[in-house]
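Let's practise finding charged pairs in a protein model. Keep the sequence and the 3D view open while you work.

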Amino acid sequence: MKMIRYEVRSAIAQILLDNPPVNGITDDLLDALMERLREAGADPGVRAIVIGSAVPGRFCGGLDLAKFRESSPSDVHRIVNKLYFQLFELQSSLPKPVIAAVTGAVRGGGMSLAITCDMIVAAENSTFGYPELEIGLLPSIHYHHLPRIIGRYRAFDLLFTGRVFDTRAAIDLGLVGRSVPAAEVLSHAHELAEVFANKSPELIRMGKLAFYRAIDQGYRVGASTAVDLVSAVFGTEDCAEGLAAFVEKREPRWGQP
């Protein structure tokens with residue numbers, strides 16, 4: 001199944017996630033996404049990259065939990081390492097700006113995917129959330145970066161309640177850079193990409209390298225710890241119960257025999 005739509009127009013590479021119904025993250029989707037990012041990065045005709053969704057009403061709902069539930073511990077470690085570490089390493093090392101064009105719902109691993117981008121343009125009616133605790137997992141990579149962006153107490157609120165919040169709140173928190181009507185998200189992201197495409201590619205490359213060196217703040221160490229934590233959680237009874245409850249569409253029975 002084709003999970004990524006890719007095209008290049010006017011020096012801009014457009015990468016659309018296409019894994020209905022919610023663009024669930026799988027090993028294959030991450031491989032396809034990173035392959036296209038590398039292709040765009042190596043193409044001298046590409047000056048900027050836009051990542052969006054071909055699925056109406058969804059940017060990314062997070063991990064494909066039905067498949068994730070059936071994974072082996074080594075598979076889990078590999079998938080989460082790609083999402084938390086390898087994708088960020090690849091994107092941050094690209095000599096070209098990457099813009100997330102967010103439409104619809106963004107949850108869990110979808111939040112992880114969005115934050116690897118250099119900028120986030122979101123639809124006014126998009127919604128965001130970290131529901132991992134409700135399904136037997138932990139949003140561990142966000143323990144590392146979210147408090148630094150929005151502050152300790154607001155980060156704890158979002159990560160431990162799992163409540164859904166809208167684009168206006170995401171803007172106020174500093175999680176989203178720009179908000180536009182839903183029908184204009186891709187076109188606005190392309191307009192922004194054109195601004196970058198018209199600048200010196202060498203200066204963009206050097207500036208992006210310096211920018212990520214300045215803001216790294218131990219991300220690589222934090223990502224490694226986060227991967228290990230998710231792998232450890234995967235082996236618990238509560239994780240098995242949470243994933244089973246989600247797939248079976250029922251409330252989890254925490255701490256029950």
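Here are three short exercises on salt bridges, with worked solutions.

This is a predicted model, in which local features need pLDDT of at least 70, side-chain atom pairs count only at pLDDT 80 or more, and totals for chains, interfaces and linings use all residues. Residues are numbered from 1 along each chain as its sequence is written, and side-chain values use heavy atoms, leaving out hydrogens and water.

**Exercise 1.** Find the distance between the closest N and O atoms of R78 and D27, and place both residues in their helices.

*Solution.* Start with the rule: a salt bridge is a side-chain nitrogen of Lys or Arg within 4 Å of a carboxyl oxygen of Asp or Glu. In the R78 and D27 pair, the closest N and O atoms are 2.8 Å apart, and the pair forms a salt bridge. Next, place them: R78 lies in helix α3 (residues 73-93) and D27 in helix α1 (residues 27-42), 51 residues apart. Helices here are DSSP runs (H or I, at least four residues), numbered from the N terminus.

**Exercise 2.** Decide whether K82 and D27 are buried or exposed.

*Solution.* First, the cut-offs: buried means under 20% relative accessible area, exposed over 50%, and partly exposed in between (1.4 Å probe, protein chains only). D27 has 17%, so D27 is buried. K82 is buried too. Their side chains meet in a salt bridge at 2.6 Å, N to O.

**Exercise 3.** Describe the salt bridge between R163 and D157.

*Solution.* Their closest N and O atoms are 3.1 Å apart. R163 is partly exposed, at 39%, and D157 is partly exposed, at 28%.

Conventions: Helices (H or I, at least four residues) and strands (E, at least two) are DSSP runs, numbered from the N terminus.
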